[in-house]
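Work through the following exercises with the sequence and the coordinates at hand, and try each task before reading its solution.

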Amino acid sequence: GANGVAGEGQEPQAAAEEKGKKAEPEEASGEEKDRRTFWATFNTAQTGQAKADSVQALRGMKELASKRILAGLLGDSHPEVRVAACHLMDQSDDRQGYFIQPLCGALSDRSLEVRRTAATALGDAKLNKKGAIQQLIFALNQLEREDGKNPAAQQEVKSAIQASLVKLTGQRSANGAEGKDPAKAWTAWWE
């Protein structure tokens, strides 16, 4: 009857949940729980800043699923969230270089603060330095071609890019060119 059907529906579900618990290592289930808590907090946050604050819940997570969430936050509509994600990527122990490509993409973000934070994070790259250097030089050239709606912020981005290039290359500057056109100097150094 009806009780038998309800029982049948519940037992396989309970058995499947129990199997899932046994199949996952303790650390994985703990991190999965933390990801669920993050999503609940993030999705109920009322402001961009509240969403950005919730990103800190991902700190210290090492699983690929967690890294994917963090990288995916670079597509969020709130610049505060994208900045928070860049900061957290910079502070993460990214031995596999997973965050290099997403951070390189953030170098062309519409927010200059996101670009500056991504450039700074790339300066700490341990893997794929060549790719990071190439993208930083490209971003520096892009900035040179943009109009100067916010020259002070653009200069901060340029400074962050140059600082990261110095850090990654070990050069004090590109071909000794300290001032006038760092984009051309770094491009010439690269080629």
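A residue counts as buried under 20% relative accessible area, as exposed over 50%, and as partly exposed in between. The model examined here is predicted, with an average pLDDT of 84 for the protein and 82% of the residues scoring at least 70.

**Exercise 1.** Find the stretch over which pLDDT stays under 50, and state how many contacts beyond four places in sequence the model has for it.

*Solution.* Scanning the confidence along the chain leads to residues 1–28, where pLDDT stays under 50. Counting the contacts of this stretch beyond four places in sequence then gives 4.

**Exercise 2.** Describe the largest nonpolar core, and determine which of its residues touch the most other members.

*Solution.* The core comprises 48 residues, and those touching the most other members are Leu70, Leu73 and Ile161. Turning to the helices, at least two core residues come from each of α2 (26–44), α4 (64–72), α5 (79–91), α6 (100–106), α7 (112–122), α8 (129–145), α9 (151–169) and α10 (182–190). Taking Ile161 as an example, and setting aside its neighbours within four places in sequence, one finds contacts with Ala119, Leu136, Ala139, Leu140 and Leu143.

**Exercise 3.** Establish how the buried residues of α10 are arranged around the helix axis, and classify the pair formed by Trp186 and Trp189.

*Solution.* Begin with the buried residues of α10, which are Pro182, Ala183, Ala185 and Trp186. Viewed down the axis of α10, these buried residues fall within an arc of 165°, and therefore they line one face of the helix. Their cover includes α8 and α9.

Next, compare the two tryptophans: Trp186, with a relative accessible area of 2%, is buried, whereas Trp189, at 26%, lies between the cut-offs of 20% and 50% and is therefore partly exposed. Trp186 and Trp189 are 3 residues apart in helix α10, so about one helical turn separates them.

**Exercise 4.** Classify the geometry of the Phe38 and Trp39 pair, and identify the aromatic cluster to which Phe38 belongs.

*Solution.* The structure holds 6 aromatic pairs. In the pair of Phe38 and Trp39, the ring centres are 5.0 Å apart and the planes stand at 55°, so this pair is tilted. By contrast, the pair of Trp186 and Trp189 from the previous exercise is edge-to-face, at 5.5 Å centre to centre with 75° between the planes.

Phe38 is buried, at 1% relative accessible area, while Trp39, at 34%, is partly exposed. Phe38, Trp39 and Phe42 together form one aromatic cluster, and Lys51 lies over the face of Phe42, 4.4 Å from the ring centre.

Terms used
Residues numbered from 1 in each chain as written. Predicted model: local features only at pLDDT ≥ 70, side-chain atom pairs only at ≥ 80, totals over all residues. Heavy atoms only, no water. pLDDT = per-residue confidence, 0-100. Contact = heavy atoms within 4.5 Å. Core = buried A, V, L, I, M, F, W, Y, C linked by side-chain atoms within 4.5 Å. Buried < 20%, exposed > 50% of the residue type's maximum accessible area, 1.4 Å probe, protein only. Helix = DSSP H or I, 4+ residues; strand = E, 2+ residues; numbered from the N terminus. Arc of directions from axis to C-beta. Phe/Tyr/Trp six-rings, centres within 6.5 Å; stacked < 30°, edge-to-face > 60°. Lys NZ or Arg CZ within 6 Å of the ring centre and 35° of its normal.
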